[in-house]
Amino acid sequence: MPNRRISELDASGPLYFNDVPFNSIYTENPSEGSSSDWFLMSANPNVSNNKISIPNFQRSVLTDALYLNGSQTISGHKTFKDKCYITKRANIHAIQDPSSDGSISGKTFVGTTGLFENVIAGTGDSAPEGCDLTIFESATFEGKLKINNSLSFPGTFDATGDFSALNFTVVSGAQIIESTSTTGDSSFSENVYAFGDLNASGQISANTLYVHQNISSQNNQQITFNDDSIQFSSGSSNYIDVTDDNIQIKDKIYVNNDNVINLSNSTPSGMLHVDGTGYVQNINALSDTTYRPFFGGDDESMVFKTQLRTGSREYTIDLPKTFHTQPILSTQLQHTGYIVPYILSDVTQNDFKIKFGEDVNDNDFVIHTTAMAASTGELSTNKKGFQRFTTNISAGSDTYTISFPEEHNLKPMVNIDIEAQNEIVPHTISGVSKTDYTLILSAPSTENYTVHTISTEHETQRIS
């Protein structure tokens, strides 16, 4: 009925045309194709009637609308009042809720592509068991982040809130502003910055670990980082303090940049300075170019000489000190050309007697004396370097074998003196070996003797 007025036409339902692809992808040129032969008419009764081609109508209605299929760029703000299901992969640049109780607070984002299983924001339900989260680029978390299972960052990790994880691995760097708690092993292949508390019940391995304040253990042990020092402490009184100038241990030991060790609060007087009493087991002292043992012990040896006044046959020689036990003596008579035989007698801890075969007739006689504590003495020095001992021999023979208390490694050098009461007898030694030597008298003895022996293997030995 082509002559009917528009107002008299029957009303129609939704648009539908068999010959027009109304829901296809709208790339068709409006001047080509069958759809350009179809028009829609708009009418304003009693005013005007107009027509619009199907392609132009499609562009007007659907260009900025959401297609049900095909590719499309969507812009502007969109609000989904009901659930929205995405059955394919969705690449989302950002999801942001500016408020703590907004539209997405506490909601769960679920993906089935394997990129993630659950991401929970806000105060919603807890993540299910067995959920792993992997972030391949940098990640920033401004609130508290808790991972019940493993969390791996091939990139960097930056958290401004609290962080807790059973297992935590960062291939690049990690920066944590507040506290961090890990109950499993944590591994950092590059830098780690912890500005708050870092609590780890497992192991932490890192190339470089930057700590803003302190490192503490559950056993009250702590590493404290100050502006100009590092302090290692165990308890309230035990600590090591490292500064630019010193290493200080319990306010007692200081080591400075020149490697001076000061075991006092005084100004050091040498490379090693000690105030008070020191106990050392072994000391080697430099003599020329050789380090030689310095032997401890309180009963030190004495070497001295005594001028003898003329006119007497017997003299008492005072020792420079009182020995703890009776010393071993080695003496030698000095004179310009006169020889007088003598023996030692009545050796005590503080003196001994020397008896000559005749009166001393001038003032040129000098006795050189070496006095040493016996090797077996508790407070003796250099027990191994020098063997010094006495041997009691009975009267009636002119040859005696004197055994060393310990076998020498080499044939030693031997000095002897004879202690007697009355008899002065010339003597010599022979057959020195590593175990003993032979004493030869000019005649069989008529009284018991005490033989003083000092032996050593080395050409140079410290006697104190």
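Buried, as the word is used in this report, means under 20% relative accessible area, while exposed means over 50% and partly exposed lies in between (1.4 Å probe, protein chains only). Helices (H or I, at least four residues) and strands (E, at least two) are DSSP runs, numbered from the N terminus. By these terms strand E30 is mostly covered, with five of its seven residues buried.

The structure is a predicted model, in which local features need pLDDT of at least 70 and side-chain atom pairs count only at pLDDT 80 or more, whereas totals for chains, interfaces and linings use all residues. Residues are numbered from 1 along each chain as its sequence is written, and side-chain values use heavy atoms, with hydrogens and water left out.

## Overall picture

The secondary structure of the protein consists of one helix and 36 strands. Of its 464 residues, 27% count as buried, and the protein exposes about 31000 Å², of which carbon and sulfur atoms supply 48%; these areas come from the Shrake-Rupley method with a 1.4 Å probe. Where contact means heavy atoms within 4.5 Å, residues 24 or more positions apart account for 40% of the contacts with a separation of 6 or more.

## The sheet around E30

Two strands are said to pair if DSSP finds at least two bridges between them. An open sheet of three strands follows the order E25-E30-E27, with antiparallel pairing, and its edge strands, each pairing on one side only, are E25 (302–307) and E27 (328–334). Neighbouring strands of this sheet are turned by 20° against each other on average, direction ignored, with axes taken as lines fitted to C-alpha atoms (for helices over the stretch in contact) and angles running from 0 to 180 degrees between N-to-C directions.

Strand E30 (residues 366–372) is joined to E25 by six bridges and to E27 by seven. On the E25 side, glutamine 307 has valine 366 as its bridge partner in E30, and methionine 302 stands opposite alanine 371. On the E27 side, serine 330 has threonine 370 as its bridge partner in E30.

## The sheet around E35

Another open sheet of three strands has the order E32-E35-E34, again with antiparallel pairing; here E32 and E34 (427–430) are the edge strands, and the twist averages 30° from one strand to the next. The pairings in the two sheets, with one opposed or bridged residue pair for each, are set out below.

| Strand pair | Bridges | Example of facing residues |
|---|---|---|
| E25 and E30 | six bridges | glutamine 307 and valine 366 |
| E27 and E30 | seven bridges | serine 330 and threonine 370 |
| E32 and E35 | five bridges | serine 403 and aspartate 436 |
| E34 and E35 | four bridges | isoleucine 429 and leucine 439 |

In a regular strand the side chains alternate between the two faces of the sheet. Along E32, Tyr400 and Ile402 point to one face and are buried, while Thr399, Thr401 and Ser403 point to the other and are not.

## Aromatic rings

Rings of Phe, Tyr and Trp (its six-membered ring) pair if their centres lie within 6.5 Å, and planes under 30 degrees apart count as stacked, over 60 as edge-to-face and the rest as tilted. A search of the whole structure finds six aromatic pairs. One of them is the tilted pair of tyrosine 342 and phenylalanine 356, at 5.8 Å centre to centre with 50° between the planes. This pair links distant parts of the chain, since tyrosine 342 lies in strand E28 (residues 342–345) and phenylalanine 356 in strand E29 (residues 351–356), 14 residues apart. Tyrosine 342 counts as buried because its relative accessibility is 18%, and phenylalanine 356 counts as buried because its relative accessibility is 3%.

Phenylalanine 404 and tyrosine 437 form a further tilted pair, at 6.0 Å centre to centre and 40° between the planes. Phenylalanine 404 lies in the loop between strand E32 (399–403) and strand E33 (413–419), and tyrosine 437 in strand E35 (residues 436–441), so the pair ties together parts that are 33 residues apart in sequence. Both residues, phenylalanine 404 and tyrosine 437, are buried.

Tyr342 and Phe356 also belong to one aromatic cluster that includes Tyr315, Tyr338 and Phe365.
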